[in-house]
Structures are given as structure tokens and as C-alpha cells.
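Here's a quick walk through this model, with a few stops along the way. Take a look at the structure first, then read on.

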Amino acid sequence: MTGLIASWVDGANDPACPFPLNNLPCGVFSLGGDDPRCGVAIGRSVLDVSGLEEAGLLVLEGGPLLDVPFWNDVMEAGPAVWSDLRARLAGLLAADSAEQSAVEPFLIPLADLVLHLPFLVSEYTDFYAGRHHAANVGTMFRGAENALPPNWLHIPIGYNGRASSVVVSGTDVRRPWGQVKGPDDAAPRFAPSARFDIELEMGAVVGQPSDGPVTVAEADAMIFGYVLLNDWSARDIQAWEYQPLGPFQAKATATTISPWIVMRAALEPFRVPTPPREVPLLPHLAEPGPMLYDIALEVALVPEGGRETVIARTNWREMYYSPAQQLAHHTTCGCPMNVGDLLGSGTISGPTRDSRGSLLELSWGGKEPFVISGGTRSFIQDNDTITLRGQALGDGYTVGFGDCRGKVIPALADPYKRT
């Protein structure tokens with residue numbers, strides 16, 4: 001495995017820093033009331049790459065590509081440009097760089113900045129591709145003998161979500177209203193969700209378009225990078241609405257992503273294979289090599305006025321289907337994919353209770369509350385803050401994504417009241 005690539009930037013050589021020169025994740029920032037700009041995280045700073053391009057220190061084929069507050073233009077330019085970008089930035093920021101004095105004015109302390117969505121989300125698809133999560137949820141509602149649907153071991157199941165609901169880390173999430181079913185045969189009622197939940201996921205950011213089916217290898221090459229993703233889920237709304245067409249309003253409140261896109265190239269040293277197959281996949285979904293990643297993940301909960309409790313730890317390598325398989329499957333019917341499409345991995349749970357990636361699983365449908373600092377939880381209470389974290393550990397360095405955080409604020413008193 002590649003070791004730490006040394007940099008002259010403050011903090012970048014700390015083995016615990018999530019943003020070494022090996023990483024160079026892509027984001028969008030603003031300072032004070034200034035307009036948002038594209039930046040790359042390095043050490044304890046953000047490098048203003050929009051400014052570098054304006055100054056002529058960063059020249060990309062087909063440019064300018066960074067004169068807009070999103071990374072879609074860079075993604076659309078293609079893998080050769082992605083590679084050139086990383087190579088040029090690595091040269092500018094390396095410990096032996098001859099251009100340090102020219103670059104230093106474009107570094108801004110990360111703590112001073114506001115971070116924004118790093119790309120324009122074209123469309124959003126969420127999958128249900130974690131073996132342990134699917135088995136847990138299926139066992140709760142259908143029994144262990146019928147936990148997995150007949151198709152689950154053959155295809156990555158997904159549904160089309162709402163791109164408009166995707167928000168960046170730090171955005172408050174308001175508890176949704178919805179139609180929920182009463183106990184036994186009671187009539188449904190319209191009420192705030194009482195079983196609001198999260199799902200620990202990774203998001204694949206599609207950087208190249210397609211028009212027709214693509215192979216798994218082609219799909220892998222289309223992916224620009226990855227983010228942490230929290231698929232907020234209203235379980236009581238979901239339970240009433242999901243038959244027969246699956247989730248709808250239960251998943252439309254918000255989807256929170258981390259502020260930094262970790263480019264696929266930064267994760268190459270951490271590739272691992274998907275788990276052994278229980279049944280063989282059809283040839284068009286077979287993987288040509290390792291397509292998952294060894295990324296340690298955790299979920300933390302902070303109640304209002306309380307202390308943080310890490311409630312789950314797992315790893316992305318637990319997924320049954322890789323992002324490349326999910327993307328390839330998405331195209332099999334001829335569905336075009338767009339630059340800026342976002343694919344949620346599905347909940348990433350492990351085999352033990354403390355590795356379950358949703359509160360639904362952690363509390364086993366609310367029947368087994370789990371302990372947090374100062375109390376217990378079954379589902380999210382008002383003013384709870386949920387934070388997802390992820391990191392890949394290299395030889396003397398860490399590749400991180402930045403926190404994926406959201407605070408749940410109370411439901412509107414009357415959602416149809418107009419002031």
C-alpha cells in the first residue's frame with residue numbers, strides 16, 4: 001500500500017489528519033459573504049482551486065472548468081482531466097514543490113469557511129444492497145425464513161429518490177408529517193413521524209454519462225468519487241405507504257451528504273472484493289476485480305444538551321453489491337445516466353448489533369431501546385444530532401470524508417398554516 005505523500009501544508013502530514021496529500025477531496029466553500037468557490041481540502045486548510053485557475057497556476061484541458069460553484073464541469077471533462085487535476089495539485093502541494101510561495105496565498109483555514117453542496121445533483125437513486133440490513137429488516141417484518149425477497153441475491157434492488165431533497169452536512173432536518181397507520185385496524189391519520197430514523201450509507205457520484213447498458217468495469221470508470229450519505233427515513237410513514245411500489249414520502253424529507261467528494265483515485269489502495277456470493281450472479285453483473293472499499297464507518301448521536309455516543313461501527317466492505325454493480329444494473333434497461341447523478345449504497349450494517357446502520361435495526365423495531373449518554377433511544381427525538389463518519393487507514397495516513405451531520409428539529413405545528 002502507498003505510504004503518506006509528504007506535503008508542505010500545515011497538518012497534512014499528521015497520520016490522523018483526514019486530508020493528506022493522498023486524498024485531495026473536492027468541495028465548495030465560501031468565506032464571509034463571498035460567493036461560493038471550488039476548493040480542495042489539504043491539512044487544516046482549503047486550497048482555492050478556482051483562484052488557482054484564475055491566476056493561471058492550474059490549467060485544465062477544456063477550461064476554465066472551476067469558474068462555477070460546483071464540480072460538474074470537471075466531472076464532465078472526463079477521467080483524463082481528473083487525473084491531470086490530481087497530478088498538478090500533488091505537484092503544487094508536495095513537500096519539495098518549487099511553487100510553494102505562489103500557492104500559499106490560495107490556502108484558507110478550513111475552520112473559517114462555510115461548506116456547500118459540492119456538486120449539482122442531477123438525479124438520485126437509493127439502493128437496498130446491504131446483506132445484513134436486508135436480513136435484519138426482513139426478519140423483523142416477515143420472519144427469518146422469508147427475510148430476503150426472491151430477487152435480492154440476484155440484483156441490487158433500488159428506487160428513484162428526489163434530487164431536490166439532497167442537502168449538505170450541517171443542514172437541519174425538520175421532522176416530517178405524513179399519513180401513518182394506527183394500531184390494529186384503526187384508520188390512518190395525518191401526524192408527525194414518531195419513528196424517524198437514519199441510514200448509514202455511502203454515495204457514488206457519477207462523473208460520466210451513459211446512453212445504453214454499460215459493463216461493471218465501465219461503470220466503475222464512470223464514478224468520479226464518493227461521499228458519506230444519510231438517508232433519513234420515516235419508518236411509520238414507510239410502513240403504511242410502501243405496498244406495492246416501495247418508499248415514497250418516507251424517504252423524501254432529506255438526504256444528507258458529506259461536504260467533500262473523495263475522488264475514486266484516492267481510494268484505489270483500499271479496494272476489497274465483495275463478500276462471497278450465496279448464488280452466482282448473471283454474467284452482466286460479475287465483477288472483473290475488487291470493487292468495494294475498506295472504509296471504517298461510524299454513527300454518533302448527541303441529544304440536546306448531552307454528550308456524544310457512538311451507537312454503531314461498521315465497514316463499507318460489508319456491502320453485498322458494489323457501486324459499480326449498482327450503476328451497471330441501473331443502465332441495463334437503457335436508462336441514461338447523467339453527470340452528477342447520485343447513487344446511495346443502501347444501509348451498511350455488519351453482523352453484530354453494534355454494527356447496525358439504522359436505529360430501526362439497533363432498537364429492533366423499537367422493541368429493544370439502546371443506551372446513549374444520559375438515556376436510551378429507539379428512534380430519533382427532536383434536537384438529536386446524528387453524525388456519520390468514515391475513514392480509510394493507509395500506511396501512515398488517513399483518507400476522510402468530513403462529517404455528515406444533521407440535527408432533527410421539531411415538526412411544524414401546522415404544516416398547512418399560511419402566514
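## A pair of strands

Let's start with strand 10 and strand 11 (residues 189-192), which run antiparallel to each other and are held together by four bridges. Keep in mind that this is a predicted model. If you want a spot to zoom in on, go to Gln179, whose bridge partner in strand 11 is Phe190.

Strand 10 itself covers residues 177-180, and its two faces see different surroundings. Gly178 and Val180 make up the covered face, while Trp177 and Gln179 sit on the uncovered one.

## The nonpolar cores

Nonpolar side chains in soluble globular proteins tend to be buried together. Here the largest nonpolar core counts 65 residues, and Tyr226, Trp232, Leu267 and Trp316 have the most contacts inside it. Which strand gives the most to this core? That's strand 13 (residues 200-206), with four residues. Another core lies apart from this one, made of 44 residues, including Leu85, Leu92, Leu107 and Val339.

Trp316 is a good residue to click on. Leaving aside residues up to four places away in sequence, Trp316 touches Met202, Tyr226, Leu292, Tyr293, Ile295, Leu297, Pro323, Ser345 and Ile348. Tyr226, one of those neighbours, is also on the list of residues with the most contacts inside the core.

## Cysteines without partners

How many disulfides does a search of the whole structure find? Zero. Take Cys333: the nearest cysteine sulfur belongs to Cys335 and is 5.3 Å away, whereas a disulfide needs the two sulfurs within 2.5 Å. Cys333 is exposed, at 69% relative accessibility.

Cys404 is another story. Why is Cys404 not bonded to Cys26? The closest cysteine sulfur to that of Cys404 is the one in Cys26, and at 17 Å it's too far for a bond. Cys404 is also buried, with a relative accessible area of 0%.

## A buried glutamine

Is Gln238 buried or exposed? Gln238 has a relative accessible area of 17%, and because the cut-off for buried is under 20%, Gln238 counts as buried. You'll find Gln238 in helix 7, which spans residues 235-241.

The side chain of Gln238 makes a polar contact of 3.2 Å with the side chain of Arg235. Setting aside residues up to four places away in sequence, Gln238 also touches Ser233, Pro247, Ala250 and Lys251.

Conventions
Residues are numbered from 1 along each chain as its sequence is written. This is a predicted model: local features need pLDDT of at least 70, side-chain atom pairs count only at pLDDT 80 or more; totals for chains, interfaces and linings use all residues. Side-chain values use heavy atoms; hydrogens and water are left out. Buried means under 20% relative accessible area, exposed over 50%, partly exposed in between (1.4 Å probe, protein chains only). Two strands pair if DSSP finds at least two bridges between them. A nonpolar core is a set of buried Ala, Val, Leu, Ile, Met, Phe, Trp, Tyr and Cys residues joined through side-chain atoms within 4.5 Å. Contact means heavy atoms within 4.5 Å. A polar contact is a pair of N or O atoms within 3.5 Å; within protein, one must be able to donate a hydrogen and the other to accept it, and residues adjacent in sequence count only if both atoms are side-chain atoms.
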